[in-house]
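I set out to record how several helices pack against one another and what surrounds the ligand. The entries follow in the order in which I looked things up.

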Amino acid sequence: MHIADLFGRGQPVLSVEVFPPKPESALDGVLATIEAVQNLEPDFISVTYGAGGSSRAHTVEIANRIKNRYGIETLAHLTCVGTGKDEIDDILAELREKNIDNILALRGDMPQEGVPAKFDYTYAQDLIEYLTARGEFSIGAACYPEGHIECASLEQDLKHLRDKVNAGADFLITQLFFDNDFFYRFRDQINALGIQVPVSAGIMPVMNKRQIERITTLCGASIPPRLRQILTAYEDDPPALKKAGIDYAIEQIEDLLAAGVDGIHLYAMNRPEVARTVFAVVNGLRGSSAHEHRL
Ligand code: FAD
């Protein structure tokens, strides 16, 4: 099933992201996360793709299990930076063979050693154009409520986003953010640019101070003062930080659902208990928010 068709059915689309683990023996953690959420009826589960293609086989294999063993719709991430068309064609053939219908088309982070001499795609837009021409997949793309870290201005980034959508992206998923005002402002800005595809809000429950500082430094998302206070207050008390992080994420989601968000995409970091706790609450919330929106 095409994920694009899941949107617009009167209730927000709920999804969760898993990533291929390192080392491979930790595959159990991903499978446990999938099993933890399968009874909670996620609309889809996405699987990340390692930079440089290191986890290509794992991405396809995990997506295959989600779709064909657990019967849940899946979204395979695919990056194109430094990748030739032949390699992309091989991956697309593997995905088709496993009946995987949805791709999150990404450029990927620039390799530190620079882009290899042989590459056929410069931006995600180039990959999206190629996928659109093939016509086999529903295509998602990434977006950045606070702007992409490399871009000189949010305004410029939004114009690139419009080009990406015009190239054929059916839906968008945001980078994580911790202040919903960024999302609401972004939603207004893309509406003003005529971008009309659905946008799922990416939410990450904070579990660990050092981890979240590293992630936000890499991706440029900001940590608002209230979250910073939580991180400082509980940095030496992991169980309390975990509870506070989950509560913060649930508050964000509650507010987003009340504001009529198209979807929630949970960055659960392969933590089954986190996915289960958040999904249990969110499933109740999204039922009532859809009801309120229909009234
Ligand atoms: P693009 O859309 O190509 O944009 C990259 C930069 O180039 C931006 O600054 C943009 O403004 C600029 N740009 C775009 N088009 C043009 C143009 N025509 N001319 C000039 N500048 C332009 N990374 C992984 O490695 N694996 C994953 O599985 C993965 N999953 C992700 C999932 C989500 C939901 C998100 C938000 C990010 C994910 N990433 C993943 C990270 C992503 O690869 C990086 O953020 C990467 O730096 C940008 O990818 P993109 O597809 O957004 O790039």
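**Entry 1: α6 and α9.** I looked up the handedness first and found that α6 passes α9 in a right-handed crossing; a crossing is right-handed if the near helix is turned clockwise from the far one by less than a right angle, and left-handed if anticlockwise. I noted the source of the coordinates: this is a predicted model, in which local features need pLDDT of at least 70 and side-chain atom pairs count only at pLDDT 80 or more, while totals for chains, interfaces and linings use all residues. Residues are numbered from 1 along each chain as its sequence is written, and side-chain values use heavy atoms, with hydrogens and water left out.

I then took the geometry: α6 and helix α9 (residues 238–258) pack at an angle of about 30°, their axes being 10 Å apart. Axes are lines fitted to C-alpha atoms, for helices over the stretch in contact, and angles run from 0 to 180 degrees between N-to-C directions. Helices are DSSP runs (H or I, at least four residues), numbered from the N terminus. α6 and α9 are therefore roughly parallel to each other; angles under 35 degrees count as such, those over 145 as roughly antiparallel, 65 to 115 as roughly perpendicular and the rest as oblique.

I listed the contact (heavy atoms within 4.5 Å): N180, F183 and Y184 of α6 meet Q252, D255 and L256 of α9. These residues divide into 3 nonpolar, 2 polar and 1 charged. For the classes, Ala, Val, Leu, Ile, Met, Phe, Trp, Tyr, Cys and Pro count as nonpolar, Asp, Glu, Lys and Arg as charged, and the others, Gly among them, as polar.

**Entry 2: α8 and α9.** I found an angle of about 165° between helix α8 (residues 225–233) and α9, with axes 9 Å apart. α8 and α9 are therefore roughly antiparallel to each other. R226, L227, I230 and L231 of α8 touch L241, A244, Y248 and E251 of α9. I counted 6 nonpolar, no polar and 2 charged residues in the contact of α8 with α9.

**Entry 3: α5 and α6.** Helix α5 (residues 154–166) and helix α6 (residues 180–192) pack at about 55°, with their axes 11 Å apart. α5 and α6 are therefore oblique to each other. The contact joins L154, L158 and L161 of α5 to F186, Q189 and I190 of α6.

**Entry 4: the ligand.** Which residues come nearest to the ligand? Of the 22 around the ligand (a heavy atom within 4 Å), I noted Y49, D109, Y144, D157 and K164 as coming nearest. A polar side-chain atom of Y144 is 2.7 Å from an oxygen atom of the ligand, and one of H77 is 2.9 Å from a ligand oxygen.

Conventions:
Helices (H or I, at least four residues) and strands (E, at least two) are DSSP runs, numbered from the N terminus. A polar contact is a pair of N or O atoms within 3.5 Å; within protein, one must be able to donate a hydrogen and the other to accept it, and residues adjacent in sequence count only if both atoms are side-chain atoms.
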